[in-house]
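Reader: I have just opened this model and would enjoy a guided walk through it. Could we take it one question at a time?

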Amino acid sequence: MSLDQEIAERRSEIHSDGYPMSIGELINLYRDDELDIHPEFQRYYRWSDEQKSRLIESILLGIPIPSIFVAQRDDGVWDVIDGLQRLSTIFQLVGELKDENGEYLPQLVLKRTRYLPSLEGKRWDSESVETAMGSTNQLLIRRSKIDVKIILRESSESSKYELFQRLNTGGSQLSGQELRNVMLMMVNADTYRWISELSRDEAFQACISLSDKALQEQYDLELVTRFVVFRKLQESELRSVGDIGEFLNDKIIELAQSEDIRSRIKVEEEAFRFTFFHLHEALAERSFHRYDRDRGRHLGGFLISAFEPLALGLGFNYEQYSSKKLELPNIETISKELWSNPTFRQNSGGGIGGLRGFGRMFH
């Protein structure tokens, strides 16, 4: 296929529209549930009050705001693809922002900014003259316009999350898994909720014993995703993996869109819970720590290079263990021997190195 043909084919998959809308119109759409900013993603909403105040300052001063990107669902509702933080700030300012339980969040109390220091302490609605924003400024904000880019529902199913990924990868404060979570919610919210539920498995959490920072960045959900994606991949497929993040994105979205998803996730869940039940019984929080043979104990923190062969080695053989075709080995012994194995040491870098030629060690 020629370049011109490739361009024509891909362009035909995306149908878009766009026009400027007043902030007042956007507020009304949100209030009427015709604009979905996905409140379940508020945990990723990391702007400080100072950052929010700078956005309001820009609106008041007439400084152009970057475009908002939305995708039109089959029911006509707009899903926000890019612009969550800007829209959430505006909705919080006017007292309309709701959390994932449908409860209204407190109105935004503004901070002083470089050009508008008098914004300090101002609120949208206030009985005090000193803290009131004032009707003139309220009208100025409501009438200000933001350019809205719309991916119409005639577009291909994949175009929405592909656009989100492209818009949010460069310079984003979100981790790779946080971006993946949002894409999953857009494609199949039940799959995201299933992965989230698996991540709360007590045995799993005890085995991985992650730091607070890693948990905040949803690394536990990434480990669940890795398990689900890599568990049954053959070594030939593993060798062809390039960028891990993109590979995880493609494969988990592929699962979320598969016709037999119910039967697939049933098996994966059984394998997941089986694996971490036995790892927890054998090693608990030591499961994925380096074993120091000289000191005779596990040291340090979580290592992905240990997670790969141990968790995925057990998971790969789950069907054999559950049907009694294979006897479950001594997991603690294998964990200790792992760190003296030269093949493992050679392949125990980042990514999926530990899986190449070694992940099926539990045969």
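**Loops, helices and their packing**

Reader: Where is lysine 324 found?

Author: Happy to help, and please keep in mind that this is a predicted model. Helix H15 covers residues 318-322 and helix H16 covers residues 331-338. Lysine 324 is found in the loop between H15 and H16.

Reader: Does lysine 324 count as buried or exposed?

Author: The backbone has a feature to look at here, since lysine 324 is not a glycine and yet has a positive phi of about 70°. For the side of the question about accessibility, the cut-off for exposed is over 50% relative accessible area. Lysine 324 has 72% relative accessibility, so the residue counts as exposed.

Reader: And alanine 284: is this residue buried or exposed?

Author: Alanine 284 is found in the loop between helix H13 (261-282) and strand E6 (290-292). Alanine 284 also has a positive phi, about 50°, although it is not a glycine. Its relative accessible area is 16%, and the limit for buried is under 20%. Alanine 284 is therefore buried.

Reader: How much of the protein do buried residues make up?

Author: Stepping back to the whole chain helps here. The secondary structure comes to 17 helices and seven strands. Among contacts with a separation of 6 or more, 69% join residues 24 or more positions apart. Of the 363 residues in the protein, the buried share is 48%.

Reader: How far apart are the end C-alpha atoms of helix H7?

Author: H7 runs over residues 176-199, which gives 24 residues. A straight helix at 1.5 Å a residue would reach 34 Å. The end C-alpha atoms of H7 fall short of that, being only 16 Å apart.

Reader: At which residue does H7 bend?

Author: The shortened span of H7 can be set beside its axis, which bends by about 135°. The helix is also largely enclosed by the rest of the structure, because 19 of its 24 residues are buried. The bend lies at asparagine 188.

Reader: How are H7 and H12 oriented to each other?

Author: Two packed helices are described by the angle between their axes and the distance between the axes. For H7 and helix H12 (residues 244-256), the axes come within 10 Å and cross at roughly 60°. On the H7 side, the contact includes Arg180, Met183, Leu184 and Asn188, while Leu248, Ile252 and Leu255 are among the H12 residues. The crossing is left-handed, and the angle means that the two helices are therefore oblique.

Reader: How are H10 and H12 oriented to each other?

Author: The axes of helix H10 (residues 219-230) and H12 come within 10 Å and cross at roughly 70°, and this crossing is left-handed. Glu222, Thr225, Arg226, Val228, Val229 and Phe230 of H10 meet Ile244, Phe247, Leu248, Lys251, Ile252 and Leu255 of H12. Angles of 65 to 115 degrees count as roughly perpendicular. The orientation of H10 and H12 is therefore roughly perpendicular.

Reader: Which helices do the buried residues of H3 pack against?

Author: Helix H3 (residues 49-61) has 13 residues that should span 18 Å, and its end C-alpha atoms are 18 Å apart, which agrees. Its buried residues are Lys52, Ser53, Leu55, Ile56, Glu57, Ser58, Ile59 and Leu60. After H3 comes glycine 62, with a positive phi near 80°. The buried residues of H3 pack against helix H2 (23-31), helix H4 (84-93) and H5.

Reader: Which residues is serine 144 in contact with, leaving aside neighbours within four places in sequence?

Author: Serine 144 sits in the loop between helix H5 (135-143) and strand E5 (145-151). Its relative accessible area of 16% means that serine 144 is buried. Its C-alpha atom is 10.0 Å from that of isoleucine 63, 81 residues away in sequence. Leaving those neighbours aside, its contacts are Met21, Ser22, Ile23 and Ile59.

Reader: By how many Å are the C-alpha atoms of leucine 35 and valine 77 separated?

Author: Leucine 35 belongs to strand E2 (residues 35-36) and counts as buried because its relative accessibility is 4%. Beyond four places in sequence, leucine 35 touches Val77 and several other residues, including Leu26, Tyr30, Trp78 and Phe91. Leucine 35 and valine 77 lie 42 residues apart along the chain, and their C-alpha atoms are separated by 5.8 Å.

Definitions and conventions: Residues numbered from 1 in each chain as written. Predicted model: local features only at pLDDT ≥ 70, side-chain atom pairs only at ≥ 80, totals over all residues. Heavy atoms only, no water. Helix = DSSP H or I, 4+ residues; strand = E, 2+ residues; numbered from the N terminus. Expected span 1.5 Å × (residues − 1). Bend = angle between axes of the 7 residues up to and from the residue. Buried < 20%, exposed > 50% of the residue type's maximum accessible area, 1.4 Å probe, protein only. Contact = heavy atoms within 4.5 Å. Axes fitted to C-alpha atoms, helices over the stretch in contact; angles between N-to-C directions. Parallel < 35°, antiparallel > 145°, perpendicular 65-115°, else oblique. Left-handed = near helix turned anticlockwise from the far one by under 90°.
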